[in-house]
Amino acid sequence: MKFDASKCLPAKIQEIKPSGIRKFFDLLGDMKDVVGLTVGQPDFDTPWHIRNAGIRSLEEGHTYYTSNNGIMEMREEIAKYQKRRFGLEYDPANEIIVTVGGSEAIDLALRALIEPGDEVIIPQPCFVCYEPLARLAGATPVTIDLSADNGFKLTASQLKSAITEKTKLLILAFPNNPTGSVLRREDLEEIASVLRETNIVVLSDEIYAELTYGEKHISIASLEGMRERTIIANGFSKAYAMTGWRMGYTLAPEYFTKQMAKIHQYGIMSAPTTSQYASIEALKNGDADIEYMKSEYEARRRLIVSELNRIGIETFMPEGAFYVFADLRKFGIDDEVFCERLLYEHKCAIVPGSAFGESGKGFARLSYAYSPTHIRKAVKRIEAFIKTL
């Protein structure tokens, strides 16, 4: 009998499509002289005092497993940081898990909560991992198409219309990747008023919480009656330029944390020890680093919006993260075709909006986590391309 691997692999795995972002990156191949605005990571090196803390931990022989939920000192510093920066209070002993990046935090929450047949509401455009991870956990994703007309904000009426008796979870990802949209307190209050009448849990992805321009980030967990039904996923990648350190965490009431900890314990054991010691230093002494990088992004944000508008590409001013979601619909071609032609004909790489969901069609994500010089060079190539259209 000839071995047939397709009969061994679960349908839910085979049916998941590869990341739309990765699919586009594969087109880059060995191309040279490509100017890209694709990468969703800071172009800053991790600050030296943070790197030195990681190095020092190795020199001192801290190379062993830590507690499953993370070094207690780190969990204590996470609690202090969250209270200092966002007014949230969590018990380091029972309500915090240190994870391998924010991605593991999201996966833990989904696997701890979902049973087959449960529905998970996912507003789109959004980061590419939510729908696949929900499916892997056994959920049925229910997407809400957000609109550029209101800055890609989720409204209470949209949420209410999507809720059914099978709804278990709402994924709330603001500040948003890819749109840069932010939900203000009044927006969150309206959403919370809908949720309070249900038994729905919120998974709040707050990885970009430090990158808001204007009002400070408000977590839905801070609103009346919401802490007990909210799991927060956060991490160090964006705020501290620590993408490669793979450090994240969950904040949740003990009854959620206890269940997520079991999955984390068996699947991961514990997050990397060296990265935890570096992260402790970041939490203790990294506030100034956050403010410096944020001020740089603020200037780049205004630059890229101004430059895109100058060449005739419309985009609203993003209020958070470090992306603009540019409207390409006026050019009359598919967003994937636009980005592929831009890459091949003018060697400039941006990400098609459709990679982030159906409602992203006709748009493109451009990251401004790059130097002003790099941004200007990319926009010049985009300008040259659209003149050919």
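Me: Which residue of β12 does tyrosine 323 stand opposite?

Reply: Serine 367 is the one. Bear in mind that this is a predicted model.

Me: What makes β9 and β12 a pair of strands?

Reply: Two strands count as paired once there are at least two bridges between them. Strand β9 (residues 323–327) and β12 are joined by 5 bridges, so by that rule they pair. The two run antiparallel.

Me: And what makes β11 a partner of β12?

Reply: The threshold is at least two bridges, and 2 bridges join strand β11 (residues 351–352) to β12, again antiparallel. That meets the rule, so the two strands pair. One bridge sets proline 352 against alanine 364 of β12.

Me: How do you know which strands are at the edges of the sheet that holds β9, β12 and β11?

Reply: Follow the order, which is β9-β12-β11 in an open sheet of 3 strands with antiparallel pairing. β9 and β11 each pair on one side only, and they are the edge strands.

Me: Why is β12 called mostly covered?

Reply: A residue is buried when its relative accessible area is under 20%. In β12 (residues 363–367), 5 of its 5 residues are buried, hence the description.

Me: Which residues of β12 lie on each side?

Reply: Phe363, Arg365 and Ser367 are on one side, while Ala364 and Leu366 are on the other. Both faces are covered, since every one of these residues is buried. In general, side chains of a regular strand alternate between the two faces of the sheet.

Me: What lies across β9 and β12?

Reply: Helix α11 does, running at about 15° to β9.

Me: Why are α11 and α13 called roughly parallel?

Reply: The axes of helix α11 (residues 287–310) and helix α13 (residues 372–387) come within 10 Å and cross at roughly 15°. Angles under 35 degrees count as roughly parallel, so α11 is roughly parallel to α13. Their crossing is right-handed.

Me: Which residues bring α11 and α13 into contact?

Reply: On α11 they are Arg300, Leu303, Ile304, Glu307, Leu308 and Arg310, and on α13 they are Pro372, Ile375, Arg376, Val379 and Glu383. By class, that contact has 6 nonpolar, no polar and 5 charged residues.

Me: Why is α3 oblique to α10?

Reply: Helix α3 (residues 48–59) and helix α10 (residues 273–285) pack at about 140°, with axes 8 Å apart. Roughly antiparallel would need an angle over 145 degrees, and roughly perpendicular covers 65 to 115. The value fits neither of these, nor the range under 35 degrees, so α3 is oblique to α10. This crossing is right-handed. The contact involves His49, Ile50, Ala53, Gly54, Ser57 and Leu58 of α3, together with Thr274, Tyr277, Ala278, Glu281, Ala282 and Asn285 of α10. These residues divide into 6 nonpolar, 5 polar and 1 charged.

Me: What is the strand order in the sheet of 7 strands?

Reply: The order is β2-β8-β7-β6-β5-β3-β4, in an open sheet with mixed pairing. Its edges are β2 (96–99) and β4 (140–145), as each pairs on one side only. On average, neighbouring strands are turned by 20° against each other, direction ignored.

Me: How do you know that β5 and β6 pair?

Reply: Strand β5 (residues 167–172) and strand β6 (residues 201–205) share 4 bridges and run parallel. At least two are required, so this is a pair. Isoleucine 171 stands opposite leucine 203 of β6.

Definitions and conventions:
Residues numbered from 1 in each chain as written. Predicted model: local features only at pLDDT ≥ 70, side-chain atom pairs only at ≥ 80, totals over all residues. Heavy atoms only, no water. Buried < 20%, exposed > 50% of the residue type's maximum accessible area, 1.4 Å probe, protein only. Axes fitted to C-alpha atoms, helices over the stretch in contact; angles between N-to-C directions. Left-handed = near helix turned anticlockwise from the far one by under 90°. Contact = heavy atoms within 4.5 Å. Nonpolar A, V, L, I, M, F, W, Y, C, P; charged D, E, K, R; others polar.
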